[in-house]
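Here is a quick tour for anyone opening this structure for the first time. Have a look at the picture, then read on.

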Amino acid sequence: MRSRRTRWRVVAALAVVLAAGAWFASSLQDGLLGYEPSRLVLDRRGEYLGEVPGAGGELGYWPVPYVLPERIVQATLATEDRHFYEHPGVYLPSVGRALKQNVLNLRVISGASTLAMQVARMQTPGERTTWRKVREAVEALLLVHGHGHEKVLRQYLAIAPYGNRVHGVARASRLYFAKPVEDLSWAQAAFLAGLPQLPGRMNPYTRDGLRRALKRSHRILRAMHSQGIITREELDQALHADLGMVRRPQRMSEALHAVLEWSELARNRSQPISTATLDLEIQSKVAHILRRNLNQLDGSGAGNTAAVVVDTETGDLLAYVGSRDFFSAEHRGAIDFVKQRRSPGSTLKPFIYGLALEKGIVTAATGLADTPMDVRMENGRSYVPENINHSFLGPMLLREALGNSRNIPALRVLEQVGVEPTLRFLEKAGVGSISYEPDRYGLGLAVGNLHVTLEELAGLYMVLAHEGETRPLRRFTDEPMAAPQRLMTREAAQLVRHILADPLARRPTFPAGSVLDYPYAVAVKTGTSQGYRDAWAAAFSDRLLVVVWVGNHDWRRMNGVGGLLGAAGAVHEILESVMPEWRPYRPVLDSFPPPAGALAVDVCPLSGRLAGPDCPHRKSEWFVPGTAPTQTCPFHAPVKLDRRNGLLAGPTCPAREVVTRVMLALPEDYEQWARKQHLDIAPLRESPLCPSRPEEVEPKVAIREPKGLVRLLYDPGTPASASTLRLAADVTPSTEPIVWLVDGVPVATVTYPHEFRWSLRPGQHVITAAMVHRRQVSQPVTVVVED
């Protein structure tokens with residue numbers, strides 16, 4: 001009975017031992033673990049920009065070079081395990097010596113850890129106990145047996161702690177010496193080799209830590225000399241050499257938005273070190289210029305700003321400033337305004353004109369009317385757009401209309417190009433979040449209805465800089481250049497660029513000597529959103545593109561701060577600061593050439609037609625072959641007048657009463673504008689003393705203003721003299737008087753120019769115009785005046 005009980009106990013004991021052994025074996029780590037490496041981002045000059053932490057929020061875990069660097073290997077083995085290649089993972093003489101020392105001193109004096117045992121401890125960290133030592137020893141044996149000495153050594157060099165959250169000698173070499181591990185000197189290799197022993201106490205960034213680390217590195221150097229690894233001469237050089245430590249890397253406060261942007265992109269890159277296109281010297285200059293610009297606008301309600309600087313040749317982003325101050329709670333500085341969608345004001349006009357030039361709708365000398373216009377919307381409503389200075393310049397050529405950034409001519413051109421084709425172009429050029437809902441933007445697209453980001457606007461202007469082809473913005477120097485895509489004909493883009501760089505095209509709106517004028521070729525455009533909520537300026541030379549935005553995070557109005565006052569000065573200063581150092585070996589382009597093969601033709605600066613003998617002025621304009629005008633200017637011509645009243649002389653006027661004068665004969669569309677400008681223009685009204693034969697003229701009357709269904713808001717606080725609506729009609733013959741009727745009731749009888757200002761009153765009203773002496777009546781117009 002007793003023997004049976006004994007047998008069961010033995011069996012049970014064996015089972016426990018086997019189970020314990022199985023558990024112990026299963027808990028051992030016999031593989032070399034992989035760790036997520038950190039991602040370091042440097043600027044294009046090799047300066048620290050930022051770093052994305054790796055495993056456990058630590059830095060490093062970078063793989064060592066394929067060919068192990070001799071100096072760091074020798075220094076590490078001399079420090080940690082000089083018999084590394086002689087044992088299978090555990091060095092028994094060291095174990096015996098450590099056991100003897102620990103027993104004699106009744107405490108742990110030596111751990112006898114080999115390099116392989118340290119790898120085991122780092123891979124599966126835990127408390128420092130005797131049992132733990134046994135486990136590390138077994139794991140070390142398994143690691144060396146399963147992977148070989150070199151792979152275990154590589155693992156140590158990749159994951160060992162070197163202080164300041166850094167693991168791995170490759171990252172440590174970059175951190176402390178800003179160089180690859182292959183380039184370390186003997187002094188630097190010994191310095192790094194000693195850090196993993198006590199990385200906290202030997203922190204090179206503290207005085208005491210640096211002293212301890214240097215002392216230990218000198219001990220390692222002497223040990224290497226005694227082992228025959230380095231010569232006496234190499235030892236003396238290493239002991240007295242300047243260590244060459246670099247300062248602790250600091251993130252530039254002016255580049256925090258860029259740090260976040262590039263770091264996020266670096267997460268998805270395979271290599272541990274990425275070189276950004278950013279240039280921190282330029283970044284610092286741009287940030288300081290933007291802050292100084294805002295300080296100069298103090299009191300104007302401008303709270304924030306953003307900018308990018310781009311190398312036009314490569315598309316490299318050289319500077320990326322997301323706000324005035326990342327840490328400003330008042331101005332929401334943490335918002336990256338490079339990526340915020342804002343109203344671009346007039347900055348999209350060049351692309352509307354470019355499309356019109358491409359389609360052959362206009363030339364640079366096409367006459368455009370900068371006069372009041374009604375814009376009809378699909379919902380039946382209408383509005384009367386204005387220029388930013390609430391004035392009109394009358395007839396002007398496309399070059400001057402774009403150069404002066406006039407709203408009305410741009411709306412007229414967009415009306416011909418079409419809103420949807422323009423949206424398609426902008427979408428292909430990289431503008432996102434475009435809605436194709438009918439009437440979502442309307443003709444207001446020309447003045448800022450479509451919101452864009454600063455980055456998208458930079459991409460658009462790169463199309464002009466590259467003569468109609470896309471050039472995507474690059475963020476890393478090793479990023480391949482995307483194949484360009486042609487979005488606009490080269491000739492159209494060249495002509496738009498030529499206009500934007502023409503200082504004379506900007507007169508009179510932008511006076512000579514303003515910040516828009518440069519001593520070299522710069523195509524520049526400003527933009528101001530409705531209510532002065534956004535101020536923009538975009539400019540590019542033959543090598544740099546700069547885009548600046550000024551505004552507020554909450555869309556508050558600024559006090560008259562538009563693109564010229566708010567942003568153009570900063571753009572000018574940035575270009576002047578950066579241009580001299582950017583490709584200084586190449587001469588600066590002093591002018592953008594016109595399209596290849598274009599012809600220079602003298603035209604009248606008022607009509608855009610061939611300058612005639614009576615034109616008082618003429619200008620030279622560039623025309624793509626086949627687009628030059630063929631007709632002579634009709635605006636300056638001899639006009640026959642009735643000397644008795646100065647009106648047009650009809651065919652029945654006696655010859656003795658007719659005089660001929662060279663006058664400005666503008667189309668009827670400009671008549672009201674010309675009268676307000678007090679211009680001496682040819683009369684449109686025929687002399688009643690000698691009219692044309694009635695049978696030659698078909699009588700008709702049509703309301704010119706207002707058009708369609710008009711909705712107005714009635715303000716009872718506004719004086720009656722100021723609360724009026726202009727009524728205007730086209731009448732043939734022009735000598736015929738008409739009567740204006742509102743809801744069938746006559747309100748005024750007028751003669752040429754057949755205009756009347758009707759005092760508003762709430763309600764829906766039907767307005768008509770009728771000839772006094774004939775039966776002709778105009779089509780009715782409905783006006784709704786809302787309380």
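Helix H7, which runs over residues 169-177, is mostly covered, with eight of its nine residues buried. Keep in mind that this is a predicted model. Which residues of H7 are buried? They are Val169, Ala170, Arg171, Ala172, Ser173, Leu175, Tyr176 and Phe177. Here's a handy bit of background: an α-helix has 3.6 residues a turn, so residues three or four places apart point the same way. Right after H7 comes Ala178, and its phi is positive, near 55 degrees.

Now zoom out. The protein's secondary structure adds up to 20 helices and 26 strands. Its radius of gyration is 41 Å, well over the 28 Å that the globule rule gives for 787 residues, so the protein is more spread out than a compact globule. Along the principal axes, the C-alpha atoms fill a box of roughly 145 × 75 × 45 Å.

Buried residues still make up 51% of the 787 residues. Among contacts with a separation of 6 or more, 67% are between residues 24 or more positions apart. As for the outside, the protein exposes about 37100 Å², and carbon and sulfur atoms supply 53% of that. There are 92 positive and 81 negative charges, and their mean positions are 9 Å apart.

Next up, the cysteines. How many disulfides does a search of the whole structure find? The search turns up one, and it is formed by Cys653 and Cys690. Cys653 sits in the loop between strand E17 (636-642) and strand E18 (658-664), while Cys690 sits in the loop between helix H20 (671-676) and strand E19 (700-705), so the pair ties together parts that are 37 residues apart in sequence. Both of these cysteines, Cys653 and Cys690, are buried. In general terms, a disulfide is a covalent bond between the sulfur atoms of two cysteines.

What about Cys615 and Cys633? The closest cysteine sulfur to that of Cys615 is in Cys633, at 3.6 Å, which is too far for a bond, because a disulfide needs sulfur atoms within 2.5 Å. Cys615 counts as buried, at 9% relative accessibility, and Cys633 also counts as buried, at 7%.

Here are the two cysteine pairs side by side:

| Cysteine pair | Sulfur atoms apart | Disulfide or no bond |
|---|---|---|
| Cys653 and Cys690 | 1.4 Å | disulfide |
| Cys615 and Cys633 | 3.6 Å | too far for a bond |

Conventions. Residues are numbered from 1 along each chain as its sequence is written. This is a predicted model: local features need pLDDT of at least 70, side-chain atom pairs count only at pLDDT 80 or more; totals for chains, interfaces and linings use all residues. Side-chain values use heavy atoms; hydrogens and water are left out. Helices (H or I, at least four residues) and strands (E, at least two) are DSSP runs, numbered from the N terminus. The radius of gyration is taken over C-alpha atoms; the globule rule is 2.2 Å times the number of residues to the power 0.38. Buried means under 20% relative accessible area, exposed over 50%, partly exposed in between (1.4 Å probe, protein chains only). Contact means heavy atoms within 4.5 Å. Accessible areas come from the Shrake-Rupley method with a 1.4 Å probe; for residues, only the protein chains shown count as cover. Lys and Arg count as positive and Asp and Glu as negative; His and the chain ends are not counted. The place of a charge is taken as NZ of Lys, CZ of Arg, CG of Asp or CD of Glu.
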